[in-house]
Amino acid sequence: MSGRISILISGRGSNMLALLAAIDDGRLAAVPALVIANVPQAAGLRLAAARGVETLVIDHRNSSSRLEHDRKVLDALQGRQVDLICLAGYMRVLGPTLIRAFPCRILNIHPSLLPSFPGLHAQRQAIEFGAKVSGCTVHFVDEGVDTGPVILQRAVEVRGSDTEEILGARILEEEHRIYPEAAHLVLEKRVRVEGRRACILPAGEVA
Ligand code: GRF
């Protein structure tokens with residue numbers, strides 16, 4: 001099984017590159033249909049274009065409401081018959097119109113072990129809290145912030161000497177591993193959502 005994926009970014013796009021690399025080497029059975037950024041300066045845009053992926057800027061400042069912006073994004077996604085949407089450092093909360101159009105088809109990656117440290121600066125939050133372990137989470141996007149069913153998580157030790165940047169870099173390495181894995185599982189239909197729980201089915205079974 002394979003599907004058409006769209007990646008939404010706002011910045012450097014390293015998770016986007018990890019997804020595209022996994023497509024190239026066959027770990028993620030998908031076609032990269034479109035990369036959308038909500039800010040024209042997002043560095044990831046050039047990286048995607050350099051790999052031959054269609055890119056689109058849908059600047060949220062050109063819309064007068066979240067709904068208007070979400071509708072533009074929705075039009076672009078539906079126009080390309082996208083199966084799966086991966087938020088990769090996309091700094092916008094999606095509204096219900098967009099979320100309900102793609103039930104269990106929108107993923108996000110977050111740099112902590114949710115439900116600990118949701119929202120911004122998750123790595124800083126983990127250090128300031130004194131956590132000994134943090135990590136990263138790929139989850140379905142629901143109408144809350146970082147609240148949807150968890151698909152995959154990976155733990156990363158927090159060391160006494162860690163700065164936000166150092167911890168962030170170690171977590172990022174794991175993000176780059178689990179995001180393609182999770183996207184692949186979803187496209188293979190090996191993730192069944194039961195209430196809050198996303199269950200991973202063995203290879204060969206489909207949800
Ligand atoms: C990552 O840490 C991701 O977990 C968070 O935003 C950051 C995006 O980084 N949601 P990049 O643009 O993928 O490099």
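**Entry 1: domains**

I began with the domain assignment of the protein chain, which gives domain 1 as residues 1-102 and domain 2 as residues 109-201. I note at once that this is a predicted model, so that everything below is a reading of computed coordinates. Taking the centres over C-alpha atoms, I find domain 1 and domain 2 separated by 19 Å.

**Entry 2: where the domains meet**

I then looked up the contacts between the two parts, and found 24 residues of domain 1 in contact with 17 residues of domain 2. The area buried between domain 1 and domain 2 comes to about 1,700 Å², and carbon and sulfur atoms give 68% of that area.

How many salt bridges are there between domain 1 and domain 2? The count is 1 salt bridge. I also looked up the side chains of Glu143 and Arg100, which meet in a salt bridge at 2.9 Å, N to O. For polar contacts across the interface of domain 1 and domain 2, the rule finds 6 residue pairs, with both residues at pLDDT 80 or more.

Next I asked which elements give two or more residues to the side of domain 1 that touches domain 2. They are the strands β1 (3-9) and β4 (84-87), together with the helices α1 (14-24) and α4 (96-101). Of these, α1 gives the most to that side of domain 1, with 5 residues. Sorted by class, the side of domain 1 that touches domain 2 has 17 nonpolar residues, 3 polar residues and 4 charged residues.

**Entry 3: Ile99**

I picked Ile99 for a closer look, and located this residue in helix α4. Is Ile99 buried or exposed? Ile99 has a relative accessible area of 8%, and because buried means under 20%, I enter Ile99 as buried.

Leaving out residues up to four places away in sequence, I find that Ile99 touches Leu94, Ile106, Val141, Asp142 and Glu143. Glu143 is thus listed twice in these notes, as a residue that Ile99 touches and as the partner of Arg100 in a salt bridge. I also checked Ile99 against Leu185, and these residues are 86 apart in sequence and 20 Å apart in space, C-alpha to C-alpha.

**Entry 4: salt bridges over the whole structure**

Searching the whole structure, I found 13 salt bridges, and I followed some of them residue by residue.

The side chains of Glu157 and Arg159 meet at 3.7 Å, N to O, in a salt bridge. Glu157 stands at 48% relative accessibility, and because partly exposed covers the range between 20% and 50%, I enter Glu157 as partly exposed. Arg159 is likewise partly exposed, with a relative accessible area of 41%.

For Glu194 and Arg192, the side chains meet in a salt bridge at 2.9 Å, N to O. I looked up both partners here, and Glu194 counts as partly exposed at 39% relative accessibility, while Arg192 counts as partly exposed at 37%.

Are Arg170 and Asp162 buried or exposed? Both Arg170 and Asp162 are buried, and their side chains meet in a salt bridge at 2.8 Å, N to O.

My last look-up concerned a network of salt bridges, which links Arg154, Glu174, Arg177 and Glu181.

How values were computed
Residues are numbered from 1 along each chain as its sequence is written. This is a predicted model: local features need pLDDT of at least 70, side-chain atom pairs count only at pLDDT 80 or more; totals for chains, interfaces and linings use all residues. Side-chain values use heavy atoms; hydrogens and water are left out. Domain bounds come from an automatic or database domain assignment. Contact means heavy atoms within 4.5 Å. Buried area is the accessible area (1.4 Å probe) that two parts lose on being put together, summed over both. A salt bridge is a side-chain nitrogen of Lys or Arg within 4 Å of a carboxyl oxygen of Asp or Glu. A polar contact is a pair of N or O atoms within 3.5 Å; within protein, one must be able to donate a hydrogen and the other to accept it, and residues adjacent in sequence count only if both atoms are side-chain atoms. Helices (H or I, at least four residues) and strands (E, at least two) are DSSP runs, numbered from the N terminus. Ala, Val, Leu, Ile, Met, Phe, Trp, Tyr, Cys and Pro count as nonpolar, Asp, Glu, Lys and Arg as charged, and the others, Gly among them, as polar. Buried means under 20% relative accessible area, exposed over 50%, partly exposed in between (1.4 Å probe, protein chains only).
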